[in-house]
Amino acid sequence: MGKAKWILGGLGFVLGGPIGAIIGVVLGSLFEGSGTIFGRLGAPDDADTESSTDSDSDSSKRATPGDIRISLLILIACVMKADGRVLKSEVNYIKPFLLKTYGEEGAKECLQLLKKMLQQDIDVVAVSRQIAQHVNYSTRLEIIHMLLDLANSDGEFASEEEKVIDQIAAAMSIKPADFNSLAAMYRKTKDPNWAYTALEITPSASDEEVKKAYRRMAMKYHPDKVANAGEEIKQQATEKFRTINEAYEHIKLLRGMN
């Protein structure tokens, strides 16, 4: 499994359910005898596909950084296929995103897997629900954050891409206010109230409510919340944390707050 040792190392829950089926097909096309690969990794037992609680403490024990990488890669394929076709230029376009997210070695392996995933018929809702069963809420937020980052990498959201990300967020039980808060950072030039949306408040909020909202959001998106989810997820949380600070400073400037 030398080709994909980095990306496939330490897998857990993704070896079962709809994600496991996708991995099996992809491995079968990349390697001779995919069953041998699964034998080395260790096939999951029935418990791996059972639902877990939605609490951060319980679900975080069930997901490894490798699980999250594979899950995110499948969702990236779903977003790329949103308009019903995948062009070679689109695959090439994703390379900078993969480099930024996974580094040079990881990007090469991700691209190999991604090209195969793009050929699969993926049930995005089933995949997203499986992720929601095993990944804590804070990490799910950052997965949505990364998909929004990808969709906006050309400077605007395509309606088809936004629709797919909406489906993913709903299947992952992401709260609408949290989704809008994540999306607000990409709408700075179009929405004069983006900073309020980012803090999950309205322009009618009092100064004290603004301060409380900032403290609440800073705690929600603190990178320590996703410390065990992998470096790429932690980096996304750090970016969101900076955006929360930027939104707060923007509102303070508008209002002349101290």
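User: Why is glutamine 120 counted as buried?

Analyst: The relative accessibility of glutamine 120 is 19%, and buried means under 20%, so glutamine 120 falls on the buried side of the cut-off. The model is a predicted one.

User: Where does glutamine 120 lie, and which residues is it in contact with?

Analyst: Glutamine 120 is in the loop between α6 (88-117) and α7. With neighbours within four places in sequence left aside, its contacts are Val25, Val26 and Lys81. The C-alpha atoms of glutamine 120 and alanine 77 are 9.1 Å apart in space, with their positions 43 residues apart in sequence.

User: What makes up the protein chain as a whole?

Analyst: The protein chain has 13 helices and zero strands. Of its 258 residues, 48% count as buried. About 12,100 Å² is exposed, and carbon and sulfur atoms supply 49% of that area. Of the contacts between residues at least 6 apart in sequence, 74% join residues at least 24 apart.

User: Why is valine 79 called buried?

Analyst: Its relative accessible area is 2%. Buried requires a value under 20%, so valine 79 qualifies. Valine 79 is part of helix α5. Not counting residues up to four places away in sequence, valine 79 touches Leu147, Leu150, Glu161, Val164, Ile165 and Ile168. Valine 79 and glutamate 162 are 83 residues apart in sequence, yet their C-alpha atoms are 8.3 Å apart.

User: How do you know that helix α5 and helix α9 meet?

Analyst: The axes of α5 (residues 65-80) and α9 (residues 159-171) come within 8 Å and cross at roughly 145 degrees. On the α5 side, Leu75, Cys78 and Val79 take part, and they meet Glu161, Val164, Ile165 and Ile168 of α9. These residues divide into six nonpolar, no polar and one charged. Glu counts as charged, so Glu161 is the charged residue in this contact.

User: At what angle do α2 and α7 pack, and which residues make the contact?

Analyst: Helix α2 (residues 17-30) and helix α7 (residues 124-134) pack at about 115 degrees, and their axes are 7 Å apart. Gly17, Pro18, Ile19 and Ile22 come from α2, while Ala126, Val127, Gln130 and Ile131 come from α7. The contact has six nonpolar residues, two polar and no charged. Gly is placed among the polar residues by the scheme used here.

User: How many aromatic pairs are there in the whole structure, and what type of pairing is found?

Analyst: The search finds one aromatic pair. The ring centres of tyrosine 214 and tyrosine 248 are 4.1 Å apart, and their planes are at 10 degrees. A pair needs centres within 6.5 Å, and planes under 30 degrees apart count as stacked, so this pair is stacked.

User: What makes this pair a tie between parts of the chain?

Analyst: Tyrosine 214 belongs to helix α12 (residues 207-220) and tyrosine 248 to helix α13 (residues 231-255), so the pair ties together parts that are 34 residues apart in sequence. Tyrosine 214 counts as buried at 18% relative accessibility. Tyrosine 248 also counts as buried, at 10%.

User: How do you know that a charge sits over the ring of tyrosine 221?

Analyst: The charged end of lysine 240 is 5.0 Å from the centre of that ring. The distance limit is 6 Å, with a further condition of 35 degrees from the ring normal, and lysine 240 is found over the ring. Likewise, lysine 188 lies over the face of tryptophan 194, at 5.1 Å from the ring centre.

User: What makes the phi of serine 173 and of glutamate 200 worth noting?

Analyst: Most residues other than glycine have a negative phi. Serine 173, in the loop between α9 and α10 (176-184), has a positive phi of about 60 degrees. Glutamate 200, in the loop between α11 (194-198) and α12, also has a positive phi of about 60 degrees.

User: Why is alanine 158 called partly exposed?

Analyst: Its relative accessibility is 29%. Partly exposed covers values between the 20% and 50% cut-offs, so alanine 158 belongs there. Alanine 158 is in the loop between α8 (137-151) and α9, and its C-alpha atom is 8.6 Å from that of aspartate 83. Glutamate 200, with a relative accessible area of 24%, is partly exposed too.

Note on methods: Residues are numbered from 1 along each chain as its sequence is written. This is a predicted model: local features need pLDDT of at least 70, side-chain atom pairs count only at pLDDT 80 or more; totals for chains, interfaces and linings use all residues. Side-chain values use heavy atoms; hydrogens and water are left out. Axes are lines fitted to C-alpha atoms, for helices over the stretch in contact, and angles run from 0 to 180 degrees between N-to-C directions. Helices (H or I, at least four residues) and strands (E, at least two) are DSSP runs, numbered from the N terminus. Contact means heavy atoms within 4.5 Å. Rings of Phe, Tyr and Trp (its six-membered ring) pair if their centres lie within 6.5 Å; planes under 30 degrees apart count as stacked, over 60 as edge-to-face and the rest as tilted. Buried means under 20% relative accessible area, exposed over 50%, partly exposed in between (1.4 Å probe, protein chains only). Accessible areas come from the Shrake-Rupley method with a 1.4 Å probe; for residues, only the protein chains shown count as cover.
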